[in-house]
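Trainee: I should like to learn how salt bridges are read from a structure. Could we take one case together?

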Amino acid sequence: KEKEALPKHHEKVEYLSDSRQQPAAKHVVLFSPFVQSVTDSADFEKISNCHAAILQSVKLLHHPFNGSVALQCQYCNQGMSSTWTYKKMTEMLPVLVCNHILECQNAPAEVVESMQQHITNILNKSSEIIGELSFGKFLESFLPANGIVEGAIKGDKQLVVMPDDKFKKINGCEMSKRGRHAGSSTALIGTKKGKRQDSSSVESSPSAKRPKQLQSVHDEIKIGDMDCQLHYDEGRSMYVGPLDGLPLLTSMLQKEAKYLPPSQKVLLSQLEIFELSPKIMKGASNGSLGLRCQNCVTEKNGCCFMKLTSVNNLARDVLLFGKEHVVRCVTRQKVTKQIHESLVAGEGELSKYCKMLANLYCLEQRHIGGKIHVKFGECPTIPAGYCRPCDIDFRSILRDAETNRMNADTVGEASKVLQKAPAQDELKAPQAPAAVPVAAPVDAM
């Protein structure tokens, strides 16, 4: 029965999404953690290590007036659904907690490591998750003993916490976890005469908005969802970013990049070009291109990006994005210092590099609705016959940029030669050689 109650793999994603949409707000902590040890329940040692870890990783909360039950992460206070029943808690809670702990930035490393093994066992329906007492049977025993039963709130069936006066009528209530805590924060639950709750006991879920230190006040810097997909591999849960981004620092321009300051190479390695859509940015034309940060592309609160202003302003857009976002997003001090140095270096060599990059990616700009939109143009063909990538010659693609650079060098050399050459009016026609005087002939004697 325990195996049959386990949710399927695809249901796990829905539960995780539900937890983010339904934070446990305005609830007060009842048990933290839900169950800690055999001190809280003699049956705790009868359940599997997996289910024990699940209960130790969440807090049980209740609404002070209607008694509704909610759950939160023990480490980051992230809410986990808003309504619970015995069945829902039995089927959903193990998978939901494992998924969250694998992403929780505040969870201890040893807890995350154990959850990786637990989620693998759950998905494989391993016998290791079945203890002497099933998870469902434990909840059906522990919850009523603590005055937590199924009731109805606005017609919806869900778990509720009994008021203290009704809880004290339960036989042996003083032996339960709640009974030992009676007279403290749980006194007079469900009555308007209840004690004012200490502010430290009120738990609220983290804000869904991006932290202020990562936000930019510049109107060109936006935050959007890149539609990352939740992926599971060998028991680990992670978000996988989209694969449509093109790097700004590419091996195809390795020779050209050597002219860049090292700090600007670091900046370029943080960014990528991607296609915008109206879903990501309101008013964006399909196929329009933008810059986005690779460090926060999988951020659940959104990734920072900006729309490219024009092909010729690519260097300007890179430096603006670095100044307004990247320096705040990269947390490593050494990297942040290099980003600041890249901004001081200016557009010089970066502008030349960006022109070659635009040629490589065939960027072109179009006027749509009175606005400039940078899009991908037609890709040039590469001559056939090459067998190795290292033999491909990209000079035909970069011809314009290279020609401009070579012409500039040629003009510079020619101007030096002209400065040394004599002026045109100083040139004179060659003169005939001077006549050699010849002695007059002597008459013969």
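Trainee: How many salt bridges does a search of the whole structure find?

Mentor: Side chains of opposite charge can pair when their charged atoms come close. A salt bridge here is a side-chain nitrogen of Lys or Arg within 4 Å of a carboxyl oxygen of Asp or Glu. On that criterion, the whole structure yields 10 salt bridges. This is a predicted model, in which local features need pLDDT of at least 70 and side-chain atom pairs count only at pLDDT 80 or more, while totals for chains, interfaces and linings use all residues. Residues are numbered from 1 along each chain as its sequence is written, and side-chain values use heavy atoms, with hydrogens and water left out.

Trainee: Which residue meets E220 in a salt bridge, and where do the two lie?

Mentor: E220 pairs with R316, at 2.8 Å from N to O. The partners are 96 residues apart and link distant parts of the chain: E220 lies in the loop between β6 (202-203) and β7 (222-224), and R316 in helix α11 (residues 314-329). Helices (H or I, at least four residues) and strands (E, at least two) are DSSP runs, numbered from the N terminus.

Trainee: Is D317, which R316 also pairs with, buried or exposed?

Mentor: D317 is buried, at 0% relative accessible area; buried means under 20%, exposed over 50%, and partly exposed in between (1.4 Å probe, protein chains only). Its salt bridge with R316 has its closest N and O atoms 2.8 Å apart. R316 is partly exposed at 29%, as is E220 at 22%.

Trainee: What joins E220, R316 and D317?

Mentor: Salt bridges with shared partners connect these three residues into one network.
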